[in-house]
Amino acid sequence: QVQLVESGGGLVQAGGSLRLSCAASGDTICISTMAWYRQTTGKERELVAAKTNGGGTYYADSVKGRFTISRDNAKNTMYLQMDSLKPEDTAVYYCNADCRMAGALLNDYWGQGTQVTVSS
């Protein structure tokens with residue numbers, strides 16, 4: 001089992017910055033890719049950014065150049081630095097981690113979510 005706990009959400013004005021953190025605990029040795037998703041009411045959860053154990057990264061087009069994903073494997077923590085925030089970035093942000101063995105997916109874990117609100 002892997003537990004994920006997000007922190008760092010809050011209210012910020014447009015153009016401002018926030019840094020989200022996701023601390024993983026438990027059987028973290030199996031974690032392969034970690035990712036940030038976000039969801040607003042009435043919409044599907046969307047992938048914002050992801051980072052693999054090998055260092056590969058993915059960003060949604062809507063956040064490229066503004067958000068930066070990073071991982072500190074020694075601390076089992078993932079971060080999302082969000083700059084130049086826009087009102088449309090308002091959402092609940094979720095941390096996700098997939099647990100693999102020999103490349104096969106064993107389980108998929110989610111944090112409880114943290115609210116990010118960007119005022120105009």
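Two strands pair if DSSP finds at least two bridges between them, and a strand here is a DSSP run of E with at least two residues, numbered from the N terminus. Everything in these views comes from a predicted model, where local features need pLDDT of at least 70, side-chain atom pairs count only at pLDDT 80 or more, and totals for chains, interfaces and linings use all residues. Residues are numbered from 1 along each chain as its sequence is written, and side-chain values use heavy atoms, with hydrogens and water left out.

**View A. S7 and S21 are bridge partners, with S21 in β3.**
Let's start with two strands. Strand β1 covers residues 2-7, and six bridges tie β1 to β3 in an antiparallel arrangement. Further along this pairing, V5 has A23 of β3 as its bridge partner. On its other pairing, β3 meets β8, again antiparallel and again over six bridges. One of these partnerships is C22 with M78 in β8.

**View B. Four strands make an open sheet in the order β1-β3-β8-β7.**
Now take in the whole sheet, where the pairing is antiparallel. Which strands are at the edges? They are β1 and β7 (67-72), and each of them pairs on one side only. From one strand to the next, the twist averages 15°; for angles like this, axes are lines fitted to C-alpha atoms, and the angles run from 0 to 180 degrees between N-to-C directions.

**View C. S21 sits in strand β3, residues 18-26.**
Is S21 buried or exposed? S21 has a relative accessible area of 16%, so it counts as buried (under 20% is buried, over 50% exposed, and partly exposed lies in between, using a 1.4 Å probe and protein chains only). Who does S21 touch? Skipping neighbours within four places in sequence, the contacts of S21 are V5, E6, S7, W36, T77, M78 and Y79. Contact here means heavy atoms within 4.5 Å.

**View D. R38 has salt bridges to E46 and to D89.**
Side chains of opposite charge can pair when their charged atoms come close. A salt bridge is counted when a side-chain nitrogen of Lys or Arg lies within 4 Å of a carboxyl oxygen of Asp or Glu. For R38 and E46, the N to O distance is 2.7 Å. R38 is buried at 7% relative accessibility, while E46 is partly exposed at 35%. Between D89 and R38, the closest N and O atoms are 3.0 Å apart. This second pair links distant parts of the chain: D89 is in the loop between β8 (77-82) and β9 (91-101), R38 is in strand β4 (residues 31-39), and 51 residues separate them. D89 is buried, with a relative accessible area of 1%. Put the shared partners together and R38, E46, R66 and D89 join into one salt-bridge network.

**View E. D61 and K64 form a salt bridge too.**
Here the closest N and O atoms are 3.1 Å apart. D61 is exposed, with a relative accessible area of 64%. How many salt bridges turn up in a search of the whole structure? The search finds five.

**View F. The charged end of R45 sits over the rings of Y94 and W110.**
The charged end of R45 is 3.7 Å from the ring centre of Y94 and 4.6 Å from the ring centre of W110. To count, NZ of Lys or CZ of Arg must be within 6 Å of the ring centre and within 35 degrees of the ring normal.
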